[in-house]
Structure formats: C-alpha cells, structure tokens
Amino acid sequence: MAEVLHRPNQAIAIPADGRLEVVTFTLGLEEYGIDIQRVQELRGYDTVTCIANAPAHIKGVVNLRGIIVPIIDMRIRFNLGEPRYDEFTVVIVLNIGGRVVGMVVDSVSDVITLSADQIKPAPEMGSAMDTDYLIGLGTLDERMLILVDIDRLMSGEELGLIEKLAA
C-alpha cells in the first residue's frame, strides 16, 4: 500500500517502500526532480522543426524513431530567462498518459532516491504563484530539490495543444 503525503488540494503517492526515485535536472540555478517512472530516455538537444503559431515554450517537434515528439523548453515554460543550448543541454523524453513529450533542461544531474521524510510539502504561495504542479521539496544533505509532478504540469489542456500541434 502506498503512503500518501497530503497537501491542500493534492495528495502525493509515495511508493509502499516509502521511497521516491527521481531524475534530477537543473534550470538556471535551481535543481528539480521528476519521478523516474515518467522518463523514457535522455537525449542531447538537437535541432527541432518549428510549428507555426505554437506557444513560445513549445520549441517544435522531432522525429524520434518514427514518433513525432513535441519539445517543450522548461526554462521558457517557467519564465526563467533566455535559454542557452550547449553541450550540457538535455532533452528528457517523457511518457505522460501514453503521449511521448520531450522536455528541454539545462542539464541532468543524477538519479536519487528520497525517503518519505526527505520530502517536505511545497510552501503555499497564495495566488502570487501557481504551485499546483509541485509535489514538494526534496532534501538531500545540503541540496534542496524542487519536486515536479510532471503529470500536473503537462495538464490535459497542454497535452491537448501538443497533440493538436503534432498532428
């Protein structure tokens, strides 16, 4: 049975063994983590085919072994300034609700396992900031990770838009 960490309007399922395995990545100066079970593969950033009239954070699409994959730049999505694409830039290929999506990040750090007591609820920011997509904050020694619920972040509306653009 999975343990559930509660926060207003959100419940976070922690696996029965009390551990959450996350892939950590950086955007600017901050470190983030997403559930490794959503990650299909990691790839270097490559040229994308731009889609007319797409929102700025949707960079375009790539052909990944016959599958058209939308590419979303998380630096733009989170309003973290102008993205830079270099040898450290990574595309995290995700499988969300049966849809394959690429997420551009500045770099991927590592894979870590957090226990339930290392996951703290995200602070309430009121209406000043949308934090619905946050699972919480992971603490590991001196590191603090912003844990992202990628399913919530890539909401049905956004996945619908991506689906429409990819078609």
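Student: How many residues lie between S3 and S4 in their hairpin, and what is notable about Gly-28?

Tutor: The S3-S4 hairpin has 2 residues between its strands, and Gly-28, in the turn, has a positive phi of about 65°. This is a predicted model, in which local features need pLDDT of at least 70, side-chain atom pairs count only at pLDDT 80 or more, and totals for chains, interfaces and linings use all residues. Residues are numbered from 1 along each chain as its sequence is written, and side-chain values use heavy atoms, leaving out hydrogens and water.

Student: Why are S3 and S4 said to pair?

Tutor: Strands are DSSP runs of E, at least two residues long, numbered from the N terminus. Two of them pair if DSSP finds at least two bridges between them. S3 and S4 (residues 30-35) share 6 bridges in the antiparallel sense, so they meet that rule. Within this pairing, Val-23 stands opposite Ile-34 of S4.

Student: How do you know that S3 pairs with S10 too?

Tutor: S3 is joined to S10 (residues 107-115) by 7 antiparallel bridges, and Arg-19 has Ser-115 as its bridge partner there.

Student: Why is S3 called largely enclosed?

Tutor: Buried means under 20% relative accessible area (1.4 Å probe, protein chains only), exposed over 50%, and partly exposed in between. In S3 (residues 19-27), 7 of the 9 residues are buried, so the rest of the structure largely encloses this strand.

Student: And Arg-43: buried, partly exposed or exposed?

Tutor: Arg-43, in strand S5 (residues 39-44), has a relative accessible area of 36%, so the label is partly exposed.

Conventions:
Helices (H or I, at least four residues) and strands (E, at least two) are DSSP runs, numbered from the N terminus.
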